[in-house]
Amino acid sequence: MSSILFYVLALVALLGAAGVILAKSPMGSVISLLGTFFALSVIYLLAGFQFLAAAQILVYAGAILVLFLFVIMLLNLGAMGSRFELSFAPLQGGRARLAGAIAVAFALVGLIAAQRTTLAATSAPAADAPAIDGLEGLALELFGRYSLPFQAVSVLLLATMVAVIVLAKRQREGEHGGERGGERGGDPR
Amino acid sequence: MNVPTAHLLYLSAGLFALGVLGFMVRRNVIVVLMCVELMLNAANLAFLAASRQHALEGKPALQGPVFAIFVITVAAAEAAVGLALIIALYRLKQSAETDAAAEMKG
Amino acid sequence: MPSHESHAWLWWIPLLPLLGSAIAGALHLATLRARHGDPQASAPASLAPWIACGAMLGSFVLSVTGFLELRELEPAARHLASTAHDWISIGGLDVDLGLLLDPLSSVMTLVITGVGFLIHVYASGYMKGDKGYGKFFAYLNLFVFAMLMLVLSSSLLGVFIGWEGVGLCSFLLIGFWYEKGWPAEAAQKAFVMNRVGDACFLIGSFLLIRLFDTLDLATIAHTVGSTVSFTDEQALDMSLAALFLFGGCCGKSAQFPLFTWLPDAMAGPTPVSALIHAATMVTSGIYLVVRLNPLFAASGWVLPLIAIVGALTALIGGSTALVQRDIKKVLAYSTVSQLGYMFLALGSGAWAAALFHVVTHAFFKALLFLGAGSVIHGMHEEQDMHKMGGLRKHMPQTYITFLAGAAALSGLPLLSGFFSKDEILAHAFANGGLYYGLWAVGALTAALTAYYTWRMVALTFFGEERFDHHHVHPHESPLVMTLPLMVLAVLSILGGVLGLPPVLHVPHLLAEWLAPVTDAGNKILAQSPGEHHLSHALEWVLLGLGSAIALGFAHTGFHAHRHGTAQDEFFARKRPTLAATLGDAWTIDSRYARIIVLPLRMLSFLIAVVVDQFAIDGLVNGTGRTARDIAQHSRRAVDGSLASYALWMGAGALAICALWMWS
Amino acid sequence: MELVLLTFLPLLGALAVLCTPRAAEGLQRGIALATTLAVAVLGVKLFLGYDVPGGDGAATPYSFSLPWFQLPWRDGTPTQVHFSLAMDGISLLMVTLTAVLMPIVILSTWGHVEKRVKEFMVWMLVMQTGMLGTFLAVDLVLFYFFWEVSLIPLYFLVGIWGGEQRLYATVKFFLYTLAGSLLMMVAIIAILFDRGTSDLGELIAQLGQTPLEQQLWYFAAFALAFGIKVPLLPFHTWLPDAHTQAPTSGSVVLAGVLLKMGTYGLLRFCIQMLPDAAVAAAPWMMALGAIGILYGALLAWAQTDLKRLIACSSVSHLGYVVLGLFALTPAGLSGGMLQMVNHGISTGLLFLLVGMLYERRHSRALDAFGGVATVMPLFALFWVFTVLSSAGLPGLNGFVGEYLILLGSFQSSPLWSVIGLTGVIFGAVYLLMATRKMLFGACTNPENQRLTDLNAREIVLMLPLVVLAVWLGVRPNDFMGKVEPDLAEVGRRVAVARQSTAALEPVTPLTEGVAAR
């Protein structure tokens, strides 16, 4: 029974992904992306990764997508009230055809790579088998072997925060630097 | 679910291909960023599929999730910086179209 | 082999002229500096002729003492070798520079220094007042030094030093009046043609090294003379060596292929023509062949070739001299013709006869050139015979001496020319076979010689005076010029005594004197087929025939032109094409210009412009340009649109995946 | 120890010049002249003191070695690169020529270098260090180091003080030579890692064992690098440009010494170090040399610019040297060696004379002159003397070298020797053509009439070279006596190689074709 659920969720994920590309307004893309994330989260659950399913929802859907939403609202890009339309405009034109070809090629590469791996089909695990990413195993791994990358990632996050503040801060008058283009007349360039 | 790992990987390939397509086709920078997120998710899925396979064969399978976690954090950082850039770009050019910023040419 | 104790004094024979040349040169430079002061000062240079003549006299005296010393020694051991200076001992090549006075070189030194001294005395009068007075004597003495080195050196490379030194001095002296422009071209032509000959000379020397592993002339002559049989490979090398050495001689002694420089060399002052282009330099080729006579004797087919080239050159020279209007050109072509005779003699194996003709020719040709010089000097640089005539009244001494020279040249009986020329013809006749034809050509040329000589005498000294009197006042040359003429006249008349024909039962002085040198060659020739001596009766017939030809054609030549240039105009009108071709030495020179010089000049232009600038340079600059173009194109790809960058990234990532998949 | 002093004395001089104030040009010239004179004195002392090493292979009297740096090699053991200089018979003549020529070059700059004298002197002295080092280096890496050091200064000398299109000329010259030397570097590295040592002595002993195929590849790389520098036929187009645009002193040094680094390299690294490959490639190199002679001569004949004509004559003269060296006979090798020195002297003199003419008349076109001899007799005297020395008149220096080369090449292959011999004829043609156009004829052009004759400085400048030319012509043994043993040694090694290659199956044309490029 759960295999059928997987294929349904797979389809949902793919449609969501397509939705992201084809949505007319960025708001539409955000929503379809949200759909993909939910589908993926359930797939993780089915595959036995409980922690990661939760993480997917909390971090991806909860944090990153909210951030996107926030930015779209801030720059009022998406037409608020409109329906969720799709438009195939981006797929027209020579450039799009080339992009399509590259995307198809990537898909093929992925498929061939997947076939080549020796991962034969296996029997279903017992329904109540413990989660693969059991917390204590994961914690031991994360803070044991991968403690260095863990520290590195935390530094990365710190750096990102600093960068974001500097980049997005609105320049108040009297401070030089940053927004030069705007204040002083037309830039000669 | 006794779905063969290969199918999981097909899904991941499909998602990745769509991500790439969006990345190259869309003109709105925010959607491009989203496609990048999509690609990263596809990668995550592939990690976990492999980890699931190792777990089913009884081998230690914790590397997958750990990498997935790292991918998530990196994706978060990348999205944050990307969006900050978009805000700065928007303030400069009043538009989020990729073609707006075309001065940096050879 | 050379006597053991070394005669260091021999070195003084060539070194005296060298010293003279250095001092004269210094004097010339002194006058240059003095001339910066006042343009007329030429005091220092006036010393130059005394020093030059002194040096010549000194070396003549030394040559005579050397000759006398040789006479005491009994014939087989007549060699005076000097201390050898170790010149090159590099890379397996050992060359020692030493001087060797033996009968052959002593005769040559006597002629060079003797006639040279007379010419120096003459030149001190002829060149007086010339701006480069000191420089002239410096070059003249340098020339004599080079000629003496050529004649006295014991090794072939020593000869080559003289060989090129002589070429250099003839270049400097022909182009002496370089302000006039065309003498410089004549000088360059002479030097380049000599260089062609020298290149053949060098190849000959390489072959000799390959054969005998030494360049010492005595050893080479000795080895060839004493070796009984040669392998055919060696024989080929020897004939090739002989051929190439003969090529060198052609260049230097103006024989058929390389003779066109001699008539142009008349651009130089007349004493130069007398010394270099009559008496000494042009005879160096004959000296070399006589010096290596065993090699040439044993070289099989090369000897007849030399004879043919000699006869051909004689004919060309003789026929061209018939129609020349410039008195010096007549003498120049006559020299070419007489040199042809000498090589005809060498070709028929008569080494002594050839050298005898060298000596007599030196006397009467120098006399004729100096006589012509005195005429030109008197006529204020006028050289065209059609503008002369009746000068015998104005220049009696020059006229008489000129007559003696002309008589000797045309071979009138009992004079030196008669004996030497007929001896050559007799030897040619004796060889039989092919040489009969060559004898006929020789006899014909003897007739032509008599004709053009007396035509020259008639046009210059007889008939009415064809020059305008108020401009030109012909006058007799000063004593310092006419005295050498008289001495040379006496020598031309009595010169025959050196080599009286055997039929008169009187010893042939020169042949006996040269015996030690020419024996080896004669022995080899004796072995070759064909009888080589004439019966007495046949000799008398030949003598009679020779004198008949000489007298007859001299008479016709003189009387045809006695009354002026009518005969020349008549001939030019009736046979214009023949007159033109003969006038231009059978158009050989213009053909050289068209067939050799022009294509080479085009080739050099082709190389310089097409191959060098266009092809190779084009290639080099081309690579530079293509690099820049590639950079230009790739710059356009960076056009600032994010979308295209995204595409490039996608394609790049795809390529890497594909590569990774299929590696 | 003297070798280190000899090599780095010019560098000290350069530093001294650097410390002088910019305006003190007289002082700068003085220091440069003093340094070069000191180097000349030291060079001559070393030359005179050089006694031929006794038995075979005895250590050469002057040698100096110091470990320099290490390079990782196979299985951990590092290769040691030495800073080793040594002067043996082969480099003796060239070192002395470099030392003696430089003071003359510096003295000649009084006439034509006015602006930025300080940098000029510094670059000249640095170049001298580079040149001396190149001839003395006995370690491949060190050789390459000095090769580059001597290359860069000339780029600036021609580039700053040159003629009108100096930039084009100097960039072309620099890139051309650099491309060649990079290839050489590849070969050096390959040898270093193949044999584990870069010391010439050991390499000479060991390189015999490497397979002929590999030797040919090394030979090709070295021959190409040196071929460009010599310049051999197809790679010569940079020389006329570099010479016409270079200042007089620059072209004297370029012609006098730098071109010989190419032929010296051919002798040292292509023949002495790789005898088997040299024997295999000899016919091709002799062909290039002989054709180069004719090509250079015809090229010179068609030139209208005087300096370009002399540059093309250098192509022809160095064709002789290559013809001589690759004849691989004792006469050829010694002739090639001697001709290197001769060419330095006669072409150096020619360029000095053209420089003096250029300083007075500011034109190099042949047609601009005519009848100069009437106005400048002393100049005419020196010019005719140098032309004769360059054309190889016996009694002057050109002849002995030329004769030995032609004799040597005749012994190994008569065809190329005869072709080279025609070069003798054309050599006279273009030199005399230039002399006639310039010196003889009537002096009509008013500008020519105002020319002043040579002054004392210029005569003193040329006297040493004139004396050397006559001395080399009359007594060449004094110079070659010291060089003979080493060249004989090279000749012996080549003879041995010739037998062994004759025993080997003949080299397949392919590899030979490779070696030819």
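In the predicted model described here, Ala254(C) lies in the loop of chain C that connects α9 (232–252) with α10 (261–264). The phi angle of Ala254(C) is near 50 degrees, a positive value in a residue that is not glycine. Most residues other than glycine have a negative phi, and most peptide bonds are trans. Ala254(C) has a relative accessible area of 0% and is therefore buried.

A positive phi near 50 degrees is also found at His362(D), again in a residue other than glycine. His362(D) belongs to the loop between α13 (330–361) and α14 (372–375) of chain D. The relative accessible area of His362(D) is 57%, so this residue is classed as exposed. The backbone of chain D has a further feature in the peptide bond that leads from Val230(D) to Pro231(D), which is cis, with omega near -10 degrees. Pro231(D) is placed in the loop that separates α8 (212–229) from α9 (238–245) in chain D.

Within chain C, Val111(C) forms part of helix α4, which covers residues 103–126. With a relative accessibility of 8%, Val111(C) counts as buried. Although Val111(C) and Val359(C) are 248 residues apart along the chain, their C-alpha atoms are separated by 6.8 Å. Apart from neighbours within four places in sequence, the residues in contact with Val111(C) are Gly116(C), Val359(C) and Ala362(C).

Chain B was examined as a whole. This chain contains three helices and zero strands, and its elements follow the order α-α-α from the N terminus on. The radius of gyration of chain B is 18 Å, whereas the globule rule gives 13 Å for 106 residues; because the value is well over that of the rule, chain B is more spread out than a compact globule. Along the principal axes, the C-alpha atoms of chain B fill a box of roughly 55 × 30 × 25 Å. Of the 106 residues in chain B, 62% count as buried. Among the contacts in chain B that link residues at least 6 apart in sequence, 62% join residues at least 24 apart. The exposed area of chain B is about 3600 Å², of which carbon and sulfur atoms supply 69%. Chain B carries 7 positive and 6 negative charges, and the mean positions of the two sets are 1 Å apart.

The arrangement of the chains was considered next. Four pairs of chains are in contact, and among these pairs chains A and B share the most contacts. Chain A and chain D, by contrast, have no contact joining them, and their closest C-alpha atoms lie 32 Å apart. Chain B likewise does not touch chain D, the nearest C-alpha atoms of the two being 26 Å apart.

Confidence values accompany the prediction. The model scores an ipTM of 0.78 and a pTM of 0.83. For chain D the average pLDDT is 87, and 95% of the residues score at least 70. Over residues 505–517 of chain D, however, pLDDT stays under 50, and for this segment the model has 17 contacts beyond four places in sequence.

Note on methods: Residues are numbered from 1 along each chain as its sequence is written. Chains are lettered from A and ligands numbered from 1 in the order in which they are written. This is a predicted model: local features need pLDDT of at least 70, side-chain atom pairs count only at pLDDT 80 or more; totals for chains, interfaces and linings use all residues. Side-chain values use heavy atoms; hydrogens and water are left out. Helices (H or I, at least four residues) and strands (E, at least two) are DSSP runs, numbered from the N terminus. The radius of gyration is taken over C-alpha atoms; the globule rule is 2.2 Å times the number of residues to the power 0.38. Buried means under 20% relative accessible area, exposed over 50%, partly exposed in between (1.4 Å probe, protein chains only). Contact means heavy atoms within 4.5 Å. Accessible areas come from the Shrake-Rupley method with a 1.4 Å probe; for residues, only the protein chains shown count as cover. Lys and Arg count as positive and Asp and Glu as negative; His and the chain ends are not counted. The place of a charge is taken as NZ of Lys, CZ of Arg, CG of Asp or CD of Glu. pLDDT is the predictor's confidence in each residue, from 0 to 100.
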